[in-house]
Amino acid sequence: MLIIDCPYCGPRDQSEFSNGGEAHVKRPDGSADIGDREWGEYVFIRANPKGIFYERWVHSHGCRKWFNCVRDTSTDEILKIYKIDEERPKLDSFKNNVKTPSGEPNLGSGNFTVKK
Amino acid sequence: MSELNLTDNKFIQFHQKIGFKFDGVKYYGYKGDTIASALIRNNIKLIGRSFKYHRPRGFYTCGIEEPNALVQIISEFSEPNTRATIKKIYEGMEIESQNRWPSLETDIGGINNIFSPVFPAGFYYKTFMGPHKNFWKKIYEPIIRKAAGLGKPPKEFKAVSTHVNHNVDVTIVGGGLNGLIAAKSLIDTKFSVLLIDFDDQLGGILNNSNKVQSVNNQTPMDWISETVKDIENSKNIKILRNTLVTTYNYINHLIAVEDKFVGSRPLKDKVNSTLHKIRTDQVILSNGHIERFLSFQNNDLPGIMLCSSFEKYMCRYGVMPSKETVIFSNNSNSESLVFSLIKKGFKPKAYIDSRSGENIEPDLFDLIRKNDIPLYTNSQIKGAFGSKKLQKILVEDSSGRFNEIKTDFLCLSGGINPDVHLFTQSKGLLDWDEKDLTYKPAQAFQPTITLGSASGQFDFNSINKEINEKFDIFGIKPVQIDLELNTSHKFKIEKLWEVLPQKQTIWSKSFIDLQNDVTTKDIRQAISEGFDRIEHLKRYTTNSMGTDQGKISSINALGIVSDLLDKKVNEVGTTIYRPPYAPLSFAAIAGRNSYEYYDPERKSPIHNWHISNGAVFEDVGQWKRPWYFPINKYETMDDAVQRESKNVRENAGVLDGSTLGKIEIKGKDALAFMNLIYTNSFSKMKPGSSRYALMLGEDGMVKDDGIICKISDEHFIATTTTGGAATVLECMEEYAQTEWTNLNVYMNSITEQYATFNISGPKTRNIIEKVFPEVNFSNEAFPFMTFQFHEYEDTPIRILRASFTGEMGYEIYVPSNQAIKIWEKIINFGKEFGLKPYGTETMHLLRAEKGYIIVGQDTDGSVTPLDLGLDWMIGKSKKDFLGKRSLIRSDTVRKDRKQLVGILPINKNDKLEEGQHIILDKEIKTPMPMLGHITSCYQSPTLGHNFALAVIKNGQSLIGTKAFASTPELKTIEVEIVEPIFYDKKNTKLAS
C-alpha cells in the first residue's frame, strides 16, 4: 500500500484513492477532421512503462480532486505529486532505477530475492 | 513421568491443573501449557497422520515452525490446522487429530505408505488425465480430496475481529534479547515505538534456552522483568504481546494479528483477534532464527525433534520429552541442549556429530567427555526405525562401521537460519553465507534494520557493536550490554544436507518437507525430469508449499539441489517468501466487514412501508428495491407481475424510483458542459423542459441514460440509472477537472436527498389532481416532458411529466424526510381509482413493451446509439461531446453491427428466454453462425404472449423476416424479427 500525498489533503493511505491511468494524454476534439489513427490512439492506447511514469490519481474517498503524479513503476516510489494545472516536471529531473538490459531493476522488482 | 519440577514460574502455573480432551480422552496439563507441552507431559508422542502417505507423526518443534502437529480445535468452531506447539490449552478444550480414519492409532489411509512407490512427485498431474475430461471433476478429485489433506473446514463460523491502525516512528518486530535491548535504548526518546512479540512472554532465547548465564550481572529472568518493566513504564513505547507480524508491505506497512484469547476459551460476541495495520518510519527486525532439520531415512518418526525445541520444552514448559535422548548435529547449536540436560541431571544417550573431533567446540567436547556420554564424531545417522515411534537408529561412525543404537528419542540440529521471511517480503535481498551455510539479509529495500540472529549475526559477543552501528541513525546513547554465556559465543557448522540410506529400496524415504510428504527422492526425480529451476521444482514437488512454508526444511532443499546441480546456492536462488508469514484466519482479515456489514445496504426513504406491505426485494447494486408486491404468500412472482402490469395499463400504478441517481449541475458554463457530456443538445431547450439523454464513453458506446431537467442555462438536474449514479458523477468530475478546466461548473449528487415516485396509467391524472389540487395538470398547462416546482404543505416538490411505462405518467420528487407523507397520500387518494404499487419486475416488463432500453441489460458496452435506433438523440450540429468522433470510426459504421430489434414467437404459445441465440436455420449443426441474442424477454398480459428484445447482426434490415431462437436442448423456436416496440407505437398515450 502506497502513501499518497494529496496536494489538497496531505498524505493519506492508497485505499482512499483511485488510479486514473496515464497523465498528459491530450484529448483531440470530437470533430471529423481528426483522423482515425489520432482519435483511436487517444481512446485506446496508453503507455505502460517499467520505470518513470506520469499518471493521474483522484482522491475519490476524500476531496474528490484529480491530480498528477510521477511514479517509478519498478519500485513503486512516488517521485513527485503536482496539481492538474501545474507544469509537467521534466523526465531528466528523476533518477531512473531501471539499469539492466532486460529492464529489471536490481531491487524491488519482486523477481529476485537473492543478491547476484 | 516426564516433568522436571513443579514450582510455579512465570511460564507455567503448576498449581492450576487444566483438563482438556484429545481425541475424546481426557488429559490434564497446567496453566501456561501449549497443547504440545501438555500432551508430552502425558507421554503422548503420536499427534497426527501425514498429508499424503498417512505416516504417523509426532511433535517436531516447539513453535510456529511446526510442520506436523496440526490439530482441529473442536471447541472453537472446529478450527482446523492449529499448531499444537503454540496453541495454549484451557479448561474444557476439545482437540482432535487430523487426517486419520477411523483413529489415530489405526489409520486405513496408512496403506498409502505401502503404495508410496506409485505416488512420486507429479503423480496427480501425470496419472489422472483420462479417459474422459469429466473423470477428474466427478471421480478422481472427490476421492483424492477425501484421502489427502489436513484438517476439515469448519461448518459454521462466527468469529469477531477488529482492525486497529498504528502510526509510529519505530516498530520492533520480536522482543527477544536484541529486541529488548533495542527497545530499552529507545526509552524516553523522541520516537514513538511499537514492540511486537508473538509470545505472551518477552525474552526469546533467554526464556527458551540456557545459552546465556547472565545479562549485565543479573540472571536472564531478572534482567527481562526489569527491562520489560522499564519499557512498560516509558511513555513512548507500547508492547503488543501475542501478536504475530505476518506481512511486510511497501512503505513500511506491517500487518500483525493479535490473539485476544490466549489460554482461555474465546468468548462469543467478543473480539477474538485484532488485526493491527502499522505504518512506521523504521522497522527493526529482531525476530531471531529458526533451527533446521536433517534428511535421513525415516527422519519423520515420532520421537524425533529439533535440539532447540527439546531445550525449549525443558526451559520454558518444564517438561522432558525424553530422559534419554540421542543427539545428532552438524553445528554448535546442539551445545546448549547438552549443557541444559546435564545441568538438570540428565545425560544424553549418545552424541553424534558429523564434524570431526577438532571441529567440535572444546567446551562441548569436555562436557561430553567429563560426563561419559558416548560420542560419535565424524559420524552420521543413516536411518531411524520403529513402528509408529522411534525405536532404534543406525549410525555410521568415522571408521565406516554401522552401529545400532536403541533409543526412543532423537534430537536433531542441521544448522540455523535467520528468520528472513519478513525481510524478503519487504523486497530486501538475501546473500548466501558460505561459512554459516544460510541465507542472510544483504541489502534492505526499505528503511529496515535487522538485528541479532535475524540479521545473520550469530555471535553473541558482537551484539553491542552491531546495535550501536545500526542505531547511529537515531542519535541515541550507545548501548553497553555485558553477557556471560554458558556455551560458546560463535556459531560453527559443517556442511551436511542429507545422509543417504544404507540400503536404498523403493520404500525408503528421507523427508525434505514433512508437512507435504516430499522426499529427497522426489527432488532428484524432479531434477531428472527437467524441473531444475527452484521455482519449478517447488511447484512440481510441492516442497515448502505447506502451511509451515518449509520453515525448518526449505534451505536444506536448496542445499541438496545445489549439490545435485553442482551449482553455488546463490545461483540456485531461493523461492520468493510471500506473505503471510504464518496462516491467519479470514475472520481476522475481514474484521468488521463481514456478514451484514460486508457491504452497505442502501434503502429508499420509504423502505419500511414496502416491508409492511409485503414487498419482495431485489438487490440493485447496494440498493434494496421492491421487486414485486404479492397479495398473499401463495402468489408467485409471475402472477404478481402479470397482475401489477395489467393494473398499470388499465388503472394506474406507482413505483418507488428513489434509487435513481440524481445529479445537480450548476455554474456559468453548465449548459456548455452538459452539451459536452451528453449526446443531446440542450441549447434550444426552454427552461422548465426536460429531455431523455444518452451518455457515451469515448469509444462511442452507450454508458448511461437519464432525463435531464433544464432549470436554466446555469442549472440542470440529471437523473441516471440506479447502478450508474456513481460512475456518471465520477465521469462528470473527471472531465470538469482534467479536460474542460476552463468551464465554470460544479456538480453534486442529490440521490439520497430526494425520493422519486413514478405514477403512471390511464387514471393518473384523476389521482394526481386529488393529491395536488392546486396544480393544473391539463395537457396545455403541463405538457409531456416538462416539470414544475410546487409547495405542498410547506414541502418543496418537483413534478416531472415523463413515463417509463408507455402510459401517461408523472414523476414526483420529494425531499427524503417528507417522502412517506406524500407516498401515503398518493396511495390513499389512488385507492378509488385502483392504484396499486408495483415493483421493478413489472417496470421492466412495461418498459420493454414500449421498447425502452435498460442500459446494462439491452446494452453491454459494445452498443452505440445508432445500434439502438436512437440516432435522433445525437446533437448533430454539436462540434464535440463525449465519444462523438467514435461514432464515425470504421468499427462503429460497420454494416453488420448488432442492432436492437424486437422478437415475437410465430407460435404464440412458445416461450422465449433471455440469452437465447437468434439463428437463421431451423436445424442446429456446428459451427452454427449466430446473429445475436435475446437481451430482454417477458410474457405480456396486454399482448397475451411472449415477446423479446434482442441485439442481432444487421438487425434493422432484417425486420419483417423469420428466424429461429435456439434452446439449450438444441431445439429451435420459430420467431419473427420485428420493430422493437410492442405497445402504443404512435405515442398517443404519453401525451393523452
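I will talk about the contact between chains A and B, and then about two places within chain B. This is a predicted model, in which local features need pLDDT of at least 70 and side-chain atom pairs count only at pLDDT 80 or more, while totals for chains, interfaces and linings use all residues. Residues are numbered from 1 along each chain as its sequence is written, and chains are lettered from A and ligands numbered from 1 in the order in which they are written.

Let me start with the two chains. Taking contact as C-beta atoms, placed from the backbone, within 7 Å, 26 residues of chain A are in contact with 33 residues of chain B. On the chain A side, helix α1, residues 36-44, gives the largest share, with 3 residues; helices here are DSSP runs of H or I with at least four residues, and strands runs of E with at least two, numbered from the N terminus.

Turning to chain B, helix α13, residues 520-528, has as its buried residues B:T520, B:K521, B:D522, B:I523 and B:A526, where buried means 20 or more other C-beta atoms within 10 Å of the residue's own, again placed from the backbone. These buried residues pack against β29 (511-513), β30 (518-519), α14 (534-541) and α15 (554-565) of chain B. Just after α13(B), B:G530 takes a positive phi of about 100 degrees.

My last place is the contact of α22(B) with α23(B). Here B:I767, B:K770 and B:V771 in α22(B) meet B:K825, B:I826, B:F829 and B:G830 in α23(B).

Technical notes:
Contact = placed C-beta atoms within 7 Å. Buried ≥ 20, exposed ≤ 12 C-beta atoms within 10 Å, placed from the backbone.
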